[in-house]
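Dear colleague,

I am passing on the structure we spoke about, and it is placed directly below. My notes on what was found in it follow after that.

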Amino acid sequence: MLTKKRVLVGVTGGIAAYKAAELVSSLRESGATVNVVLTEAAREFVQPLTFKALSGNQVYTGLFGGLDPVPHISAAKESDLVVVYPATANFIGHAANGLAPDLLTTLVLAFKGPVVICPSMNARMFANVAVQHNLARLQDYGYVIVPPESGRLACGEVGQGRLPAPGAVLEVIRGALVPKDLKGLNFLVTAGPTREPLDPVRYISNRSSGKMGYALARAARDRGAQVVLISGPTSLAKPAGVSYSGVKTALEMREAVLENFDAADVVIMCAAVSDYRAKTPSPKKVKKEVREMVLEFVQNPDILEELGRLKRHQLLIGFAAEDDNILEHARRKLEAKNLDMVVANLIAQEGAGFEADTNIVKILFRNGRFLELPRMDKYEVAQRLMDMVLDMRRI
Ligand code: CTP
């Protein structure tokens, strides 16, 4: 995922410095080459040896005394991204004012690529107007600030100041490293299942988790697009930086999609929309008074088919979950719904489809071109689909 990327992790002297060990380890697991700078204060909390072992590289600790006479310049040149995790008020103050008293602040000044700063401190310190002013200034300069979380702090107080978990920061790093080549484009993405009520407490739905659709929304956002995500009920966190609309039924999803369709350049219908809804849902909870029950269903509108008829400048992408003859079915959907691309997968395949974190997809284009991606993480699949969207926009 971060293969061939070189990430420099700066650790400053806060109690959360121990979490940096896990971040380094996760970065390496993702395929990145990792270098670490520990400030003098950080070395009061954590040892260089830990980071040497986890990163597999020498740890930088100071401007002077090492083998390299200009470590700040070499490290800045040899990195694709710098992340400061945790960042103390002291580091933030220096960086915001262009001051460079040590190796980390110096190399941040010398570095041209994306810098991700993760403040972590006592809540009152974080709320202090000087700290907030410095952070606003860094954001203005183009630094990516990951705000601390609220909760119990090491000092025993409760408030905003906790360092976010390594996983959350890894996602920000991934996002900061991808090219912003979809800037200026508006994406409309649907995700998750729909729920069709039978009575006030029961519904019919399907196994869609929303993972693929959310990954698509995140991938488009990371590449600079404006994204509207229309989602059925899922247990996933709303992606940051995306305009989110939560819906329940297919009819609600249709309304939300049509509202946003005109403004969209690229529309990806990833949601597993229920094809049927109960003809007359009971207004009251159904009692178990009868031994057998027959439910009557009516067909829901096919949203994608409708979009295919309305389409003007939009690129229209559909999904197809199939259990056999995948290409034949996908081709039929592409034609019937007037699509530019269909992403199809076999539902029965291990490591693909509903609820899985990975997917194995076949992609069919309007001109008959067809390609198959090997099994990969859903976010990776989403990134590959973004490459294809970009190619199609260029034609
Ligand atoms: N879709 C939609 N509205 C529906 C049903 C499906 O917009 N009422 C969209 C899905 O979001 C997906 C595509 O249509 O992008 C394919 O859905 P699928 O249910 O697999 O296809 P159907 O056309 O319903 O065909 P079938 O049920 O026969 O497989």
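Helices H1 and H9 are oblique to each other, since their axes, taken from residues 19-29 for H1 and residues 166-177 for H9, cross at roughly 50°, an angle that lies outside the ranges counted as roughly parallel, roughly antiparallel or roughly perpendicular and therefore falls among the rest. The two axes come within 9 Å, and the crossing of H1 and H9 is right-handed. Please keep in mind while reading that this is a predicted model.

A second pair of helices can be described in the same terms. The axis of H11 (residues 250-261) comes within 10 Å of that of H12, and the two cross at roughly 25°, which makes H11 roughly parallel to H12, because angles under 35 degrees are counted in that way. The crossing of H11 and H12 is, again, right-handed.

Helix H12 also leads to the ligand, for this helix (303-310) and strand S17 (315-322) each supply at least two residues of the shell around the ligand. The residues around the ligand are Met269, Ala271, Val273 and Asp275, then Pro301, Asp302, Ile303 and Leu304, and finally Gly318, Phe319, Lys333 and Lys337. By character, the shell divides into 7 nonpolar residues, 1 polar residue and 4 charged ones.

Which atoms of the ligand lie 3.0 Å from a polar backbone atom of Pro301, and 3.5 Å from a polar side-chain atom of Asp302? In the case of Pro301, the ligand atom is a nitrogen, and for Asp302 the partner is likewise a nitrogen atom of the ligand. With Lys333, by contrast, an oxygen atom of the ligand is involved, at 2.8 Å from an N or O atom in the side chain of that residue. On its own the ligand has 570 Å² of accessible area, of which the protein covers 78%.

Two details of the backbone remain, and both may be worth a look on your side. Most residues other than glycine have a negative phi, and most peptide bonds are trans. Against that background, Tyr85 and Pro86 are joined by a cis peptide bond, with omega about -5°, and Pro86 has its place in strand S4 (residues 81-87). Asn325, a residue other than glycine, has a positive phi near 35°, and Asn325 sits in the loop between S17 and helix H13 (326-336).

With best regards

Key
Residues are numbered from 1 along each chain as its sequence is written. This is a predicted model: local features need pLDDT of at least 70, side-chain atom pairs count only at pLDDT 80 or more; totals for chains, interfaces and linings use all residues. Side-chain values use heavy atoms; hydrogens and water are left out. A residue is near a molecule or strand if one of its heavy atoms lies within 4 Å of it. A polar contact is a pair of N or O atoms within 3.5 Å; within protein, one must be able to donate a hydrogen and the other to accept it, and residues adjacent in sequence count only if both atoms are side-chain atoms. Accessible areas come from the Shrake-Rupley method with a 1.4 Å probe; for residues, only the protein chains shown count as cover. Helices (H or I, at least four residues) and strands (E, at least two) are DSSP runs, numbered from the N terminus. Ala, Val, Leu, Ile, Met, Phe, Trp, Tyr, Cys and Pro count as nonpolar, Asp, Glu, Lys and Arg as charged, and the others, Gly among them, as polar. Axes are lines fitted to C-alpha atoms, for helices over the stretch in contact, and angles run from 0 to 180 degrees between N-to-C directions. Angles under 35 degrees count as roughly parallel, over 145 as roughly antiparallel, 65 to 115 as roughly perpendicular and the rest as oblique. A crossing is left-handed if the near helix is turned anticlockwise from the far one by less than a right angle, and right-handed if clockwise.
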